[in-house]
Amino acid sequence: QHTDKGLKDFYANYFPIGVAITPRHLQDSATSAFIVRHFNSLTAENVMKMEPIHPEENRYNWGGADAIVQFATENGLKVRGHTLCWHNQAPKWMFYDANGKLVSKDVLLDRLRKHIYDVVGRYKGKIYAWDVVNEAISDQPGEFLRNSLWYQICGEDFIAAAFRYAHEADPDAVLFYNDYGTEFPGKRDKVYRLLKTLLDANVPVHAVGLQGHWSINDPTKELLVAAIEKYASLGIKMQVTELDVSVYTNNNMPEQRSFTAEQDQLQQQQYAMLFETFRKYRDKITGITFWNVSDRFSWLDNFPVRGRKNYPLLFDANLQPKKSFWKVIDF
Ligand SMILES: Oc1ccccc1CN[C@@H]1C=C[C@@H](O)[C@H](O)[C@H]1O
């Protein structure tokens, strides 16, 4: 009955509800039971990123990724792979030759291809979706693609190449372009332009990942709806891949240890709006994943302000539902 239903059960007829975890979560029986109760999809917060999983050219760290995939298989959870090509947490060796000089475009693309073949190939049939390219669009007005080492060495070609390699490695995997700030009109239109360019060139991009690192006052319902409609007009599906709702409205708010009643109220209203909108667009949305498990720890505790405790999720530090949880399941 009502009490033993988890978050995923309330959305069983809408879309999978996922969570980003670390292998350590699976070693604690209370936490792993909590994860299985509320979620039916997993994303590795770090262990499948390029540097963690492939720290040296001839060495892979499969342990953490294997543990998460095995847990998912044993418990009937889906797995989203994150992420095959990104400018952050990428291993230095990939971009430099033995003399410490930047490698050529051909060398870098060949290293990317081998990385993707090895990683996607290992989990073929176990990981149903991949964030193939993460955050390639620039935040700078007037600049289209982020001036990363990927772009400096390859130009825009690394993006299409990554998707083609991933599709060759697992033709059944759903391939995502993933980014943040995808509701701000400037970035939204650049993400749209990139996706349209790739789709028009028959690049195997199947969906767009809206990271969803939002706050109590962003995005507005209007901007969220406009973004969903714009991406949907490309004929592709979308997911919210890294959802959290920061209680701070800017990066300068003084560090505060408490979660105030006012922030709680605003967070309830924002979560209610978000999930009401997600439910309305259930035919365009194929998953909602939260970034981190509970307010016990969030990556936002150290970003963008180091040491500023945040309270962005539906469960408190004791894994108990917050008021926002009840707003999300009350429909
Ligand atoms: O919201 C942002 C603002 C600026 C840079 C990056 C991001 C988000 N970047 C995300 C956050 C945490 C990482 O663990 C994820 O892999 C990454 O996709």
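For the residue classes used in these legends, Ala, Val, Leu, Ile, Met, Phe, Trp, Tyr, Cys and Pro count as nonpolar, Asp, Glu, Lys and Arg as charged, and the others, Gly among them, as polar. The views show a predicted model.

**View 1. Residues that surround the ligand in the predicted model.** The shell around the ligand consists of Lys49, His82, Trp86, Asn134, Glu135, Tyr180, Gln211, His213, Glu242, Trp291, Trp299 and Phe303. By class, this shell comprises five nonpolar, four polar and three charged residues. The ligand occupies the largest pocket.

**View 2. Polar side-chain atoms of Lys49, His82 and Trp291 beside oxygen atoms of the ligand.** For His82, a polar side-chain atom is placed 2.6 Å from a ligand oxygen. For Lys49, the distance from a polar side-chain atom to an oxygen atom of the ligand is 2.8 Å. An N or O atom in the side chain of Trp291 lies 3.3 Å from an oxygen atom of the ligand. The ligand taken alone exposes 430 Å², of which the protein buries 83%.

**View 3. The salt bridge between Arg111 and Glu57.** The side chains of these two residues, Arg111 and Glu57, meet at an N to O distance of 3.6 Å. Arg111 belongs to helix H5 (residues 105-122), whereas Glu57 lies in the loop between helix H3 (50-53) and helix H4 (63-75), so the pair ties together parts that are 54 residues apart in sequence. Side chains of opposite charge can pair when their charged atoms come close. In total, the structure holds 20 salt bridges.

**View 4. The cis peptide bond between Asp218 and Pro219.** The omega angle of the bond joining Asp218 and Pro219 is about 0 degrees. Pro219 is located in the loop between strand S7 (213-215) and helix H9 (221-232). Most peptide bonds are trans.

**View 5. The cis peptide bond between Phe303 and Pro304.** Here, too, omega is about 0 degrees for the bond that joins Phe303 to Pro304. Pro304 lies in the loop between strand S9 (285-290) and helix H11 (323-329). Phe303 is also one of the residues around the ligand.

**View 6. The positive phi of Asn202.** Although Asn202 is not a glycine, its phi is positive, at about 60 degrees. Asn202 is found in the loop between helix H8 (185-200) and strand S6 (207-210). Most residues other than glycine have a negative phi.

Notes: Residues numbered from 1 in each chain as written. Predicted model: local features only at pLDDT ≥ 70, side-chain atom pairs only at ≥ 80, totals over all residues. Heavy atoms only, no water. Near = heavy atom within 4 Å. Polar contact = N/O pair within 3.5 Å; in protein donor to acceptor, adjacent residues only side chain to side chain. Areas by Shrake-Rupley, 256 points an atom, 1.4 Å probe, with all protein chains shown as cover. 1 Å grid on protein atoms, 1.4 Å probe; cavity = no way out; pocket = protein on both sides within 12 Å on 5 of 7 lines; lining within 4 Å. Sits in = over half its atoms within 2 Å of the grid points. Salt bridge = Lys/Arg side-chain N within 4 Å of Asp/Glu carboxyl O. Helix = DSSP H or I, 4+ residues; strand = E, 2+ residues; numbered from the N terminus.
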